[in-house]
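Where does a folded chain leave empty space, and which residues sit around it? Keep the model open beside you as you read.

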Amino acid sequence: MTFDPNRRRLLGLTATLPLLGGCTVADVLTPPPPPRLYVLSPAKEFTAGLPRVDWQLLVETPLANTGIDTARIALGETQSRLTYFAGANWVDRAPSMAQLLLIESFENSNRIVAVGREATGLRADFILKTDLRDFQAEYNGGTPGESRPVGRVRMTAKLVRMPRRIIIASESFAAQVPAKGAAFTDMIEAMDGALEAVMRRMVEWTIRQGHANVEADPIPAALDR
């Protein structure tokens with residue numbers, strides 16, 4: 001009779017399982033439940049009198065450091081320590097989610113003829129380059145689930161005139177929204193409010209800066225849409 005070495009390894013693994021904190025074979029082999037997914041909202045309301053523009057805008061994916069360039073939902077325990085909520089993710093990496101919500105915010109303004117991202121192949125008159133600097137719920141020493149966090153979002157923006165690739169304006173946008181309570185859903189609502197405020201201001205700033213630039217230096221007739 002022959003002895004299968006793979007069976008020997010399996011028997012050895014099974015023999016050690018009771019020593020792993022009382023786990024059973026089913027506990028070890030059963031995958032953990034998938035994380036709950038959350039998405040935030042685009043800006044929907046804008047200041048009256050925002051000019052209507054007939055140029056096209058390409059919105060690049062925001063740059064971000066590795067701490068927030070992830071789908072995990074970040075929490076700031078202190079000013080110098082960043083960790084993540086267990087069992088919950090954003091629907092996409094934070095920069096990608098912010099890019100799509102920013103594009104949708106521009107569309108919701110009804111003040112720009114066309115806006116898109118790199119993959120659309122849009123021939124843009126302007127490019128909006130952004131950095132996502134802060135995107136976390138801050139507890140400042142408090143305990144998640146017991147303390148009320150603050151949703152913090154900070155982005156910088158550069159508006160680039162094409163095809164000359166000249167930066168015509170740059171600005172920083174930040175918002176901090178205190179959560180109404182200590183529940184996880186209160187934290188999500190605070191993050192939603194902070195991101196919405198930043199996107200609304202960035203949309204209005206971009207349209208006004210681009211409008212003023214084109215008024216002073218019109219797009220050549222051959223490139224008019």
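What follows looks at empty spaces and then at two residues.

This is a predicted model, where local features need pLDDT of at least 70, side-chain atom pairs count only at pLDDT 80 or more, and totals for chains, interfaces and linings use all residues. Residues are numbered from 1 along each chain as its sequence is written, and side-chain values use heavy atoms, with hydrogens and water left out.

Start with the idea of a probe. Rolling a probe the size of a water molecule over the atoms shows where empty space is left. On a 1 Å grid over the protein atoms alone, a cavity is a set of points where a 1.4 Å probe fits but cannot get out. A pocket is an open set with protein on both sides within 12 Å along at least five of seven lines. Lining residues have an atom within 4 Å of a point. Grid points are joined across faces, edges and corners, and a volume is the space filled by probe spheres set on the points.

The structure has one cavity of 30 Å³ or more. The largest cavity holds about 30 Å³ of space. Its lining is made of Gly67, Ile68, Thr70, Arg72, Ala74, Trp90, Ala94 and Phe135. Five of these residues are nonpolar, two are polar and one is charged. Here Ala, Val, Leu, Ile, Met, Phe, Trp, Tyr, Cys and Pro count as nonpolar, Asp, Glu, Lys and Arg as charged, and the others, Gly among them, as polar.

Now turn to the largest pocket. About 190 Å³ of space lies in it. Its lining has 15 residues, and Gln79, Leu82, Asp134, Gln136 and Glu138 lie nearest the centre. By class, two lining residues are nonpolar, seven polar and six charged. Strand 4 (72–78), strand 5 (81–90), strand 7 and strand 8 (150–161) each give at least two of them. Strand 7 supplies the largest share, four residues. Strands (E, at least two residues) and helices (H or I, at least four) are DSSP runs, numbered from the N terminus.

Thr130 also belongs to strand 7 (residues 126–138). Thr130 counts as buried (under 20% relative accessible area, 1.4 Å probe, protein chains only), because its value is 3%. Beyond neighbours within four places in sequence, Thr130 is in contact (heavy atoms within 4.5 Å) with residues including Glu60, Pro62, Met155 and Met202.

Last comes Ala179, in the loop between strand 9 (166–178) and helix 4 (184–216). Ala179 is buried because its relative accessibility is 1%. Not counting residues up to four places away in sequence, it touches Arg148, Pro149, Asp186, Met187 and Ala190.

How values were computed. Buried means under 20% relative accessible area, exposed over 50%, partly exposed in between (1.4 Å probe, protein chains only).
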